Amino acid sequence: MTYPERVRRARELYRLLRGEAPPLALRELLEAVLGLKCSRVDVAEVGMERLYALSVSHGFGMALASFKTLPVLERDKGDWSDHAAGYVDLSDPRGLYTVYLGPDEEAAETACLAEAQLGDDIFGELLGIPACCRAFYLELRATALQRGDDYLELTLERSAQRIPAGANILGQYFGQTLMSHFPCSLECARSREATWARGRALREVNEDLVDHLEEGHYRHVLVLTGTGMWGFEGQPIPGGVLVQGAQRRVGAPGLKLPAGTRLLAHETGRGVNLCSPDGIWRGLERARLVVVEPRW
Ligand SMILES: [Zn+2]
């Protein structure tokens, strides 16, 4: 299939699924259809059946893992988590189907096989994850598992105070990002390149979708250890540079916000160890609750 044909099919799929599939799942599908990378999404039965029908009618590849995943819902973090509560048989009414997507059947089957048999590094390459970030993932796997299988704290620890936008994984927790892997640091040049390259390709499919996803890279996010995180909509970050630091100590539960800031939602929950005590993000505009995406 030629690339212009892939773009045409991606546009058709976008028109069909807009408003039905959550933006992150839609992004993963479109990236696979365009051949930018392979994708993996965890979906409910309705989403799996819809994807299967569309893979037949629109000629992209889809493969199914031989198990279902029991997701962990951590309300402070949206519903995005690398953490699974367990795995069950495909016949089990619980859990989500793990679906691999690719530009064709062979690519999707290869991704499925890679994760099951060939190891994280090869699978990560198929997902379009840069080599430096794959090495980071593998090197810190044991540490991340001890911390609830979340790499965010480790990513923040490796990041400088001033960070150019583009590798801000925090957007994933809010359902708005063009990047789907934990970067080795928020400064990772290869992750930023991948982010903007995918954005440029997806703009050929739909400008509004990319505008929406890209916003997550410029959003200030406040992460409070043991409490949760908040994303702030509003004015873009000046110069596209995020500032990480403790210029103003913010602590839960006595959350202090600058004058004029409107906190729309403040939720406390059980402890989530997301960042070191000093790894606090500031730069507050309007606040909103972590978005919990509907399972598709
Ligand atoms: Zn990297």
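# Helix packing, core and strand pairing

Helices α2 and α11 lie oblique to each other. Their axes cross at roughly 120° and come within 11 Å. This is a predicted model. The chain has 296 residues, and 43% of them count as buried. It holds 11 helices and 10 strands.

**Helix α2 against helix α11**

- Helix α2 spans residues 23-34, and helix α11 spans residues 207-215.
- An angle between 115 and 145 degrees falls outside the parallel, perpendicular and antiparallel ranges, so a crossing of roughly 120° counts as oblique.
- The crossing of α2 past α11 is left-handed.
- On the α2 side, P23, L26 and R27 make the contact, and on the α11 side L209, H212 and L213 do so.

**Helix α10 against helix α11**

- Helix α10 covers residues 189-203 and also packs on α11.
- The two axes are 8 Å apart, at an angle of about 155°.
- That angle makes α10 roughly antiparallel to α11, because the cut-off for this class is over 145 degrees.
- Here the crossing is right-handed.
- Helix α10 contributes G199, L202 and R203 to the contact, while α11 contributes E207, L209, V210 and E214.
- L209 of α11 thus appears in the contact with α2 and in the contact with α10.

**The loop between α10 and α11**

- E204 sits in the loop that links α10 and α11.
- E204 has 17 other C-beta atoms within 10 Å, so this residue is partly exposed.
- P4 is 200 residues from E204 along the chain, yet their C-alpha atoms are separated by 9.9 Å.

**The nonpolar core**

- Nonpolar side chains tend to be buried together in soluble globular proteins.
- In this model, the largest nonpolar core has 57 residues.
- The members that touch the most other members are L30, C38, Y100, L101, A108 and A111.
- Helix α2 supplies the largest share of this core, with eight residues.
- A108 is in contact with C38, Y100 and L101, as well as G61, M62, A63 and G102, leaving aside neighbours within four places in sequence.

**Strand pairing around β2**

- Strand β2 (residues 61-71) pairs with strand β5 (residues 96-102) over six bridges, in the antiparallel sense.
- K68 has Y97 of β5 as its bridge partner.
- Strand β2 is also joined to strand β4 (residues 84-88), by four bridges, and this pair runs antiparallel too.
- L70 stands opposite G86 of β4.

**The loop between α5 and α6**

- P130 lies in the loop between α5 (120-126) and α6 (131-139).
- Is P130 buried or exposed? P130 is buried, because 21 other C-beta atoms lie within 10 Å and the cut-off is 20 or more.
- Which residues does P130 touch, not counting those up to four places away in sequence? They are C188, R190, S191 and A194.
- The C-alpha atoms of P130 and E193 are separated by 9.8 Å, although these residues are 63 apart along the chain.

**Contacts along the chain**

- Among contacts with a separation of 6 or more, 71% join residues 24 or more positions apart.
- Contacts of A108 include G61 and M62.

Definitions and conventions: Residues numbered from 1 in each chain as written. Predicted model: local features only at pLDDT ≥ 70, side-chain atom pairs only at ≥ 80, totals over all residues. Core = buried A, V, L, I, M, F, W, Y, C linked by C-beta atoms within 7 Å. Buried ≥ 20, exposed ≤ 12 C-beta atoms within 10 Å, placed from the backbone. Helix = DSSP H or I, 4+ residues; strand = E, 2+ residues; numbered from the N terminus. Contact = placed C-beta atoms within 7 Å. Pairing = 2+ DSSP bridges. Axes fitted to C-alpha atoms, helices over the stretch in contact; angles between N-to-C directions. Parallel < 35°, antiparallel > 145°, perpendicular 65-115°, else oblique. Left-handed = near helix turned anticlockwise from the far one by under 90°.
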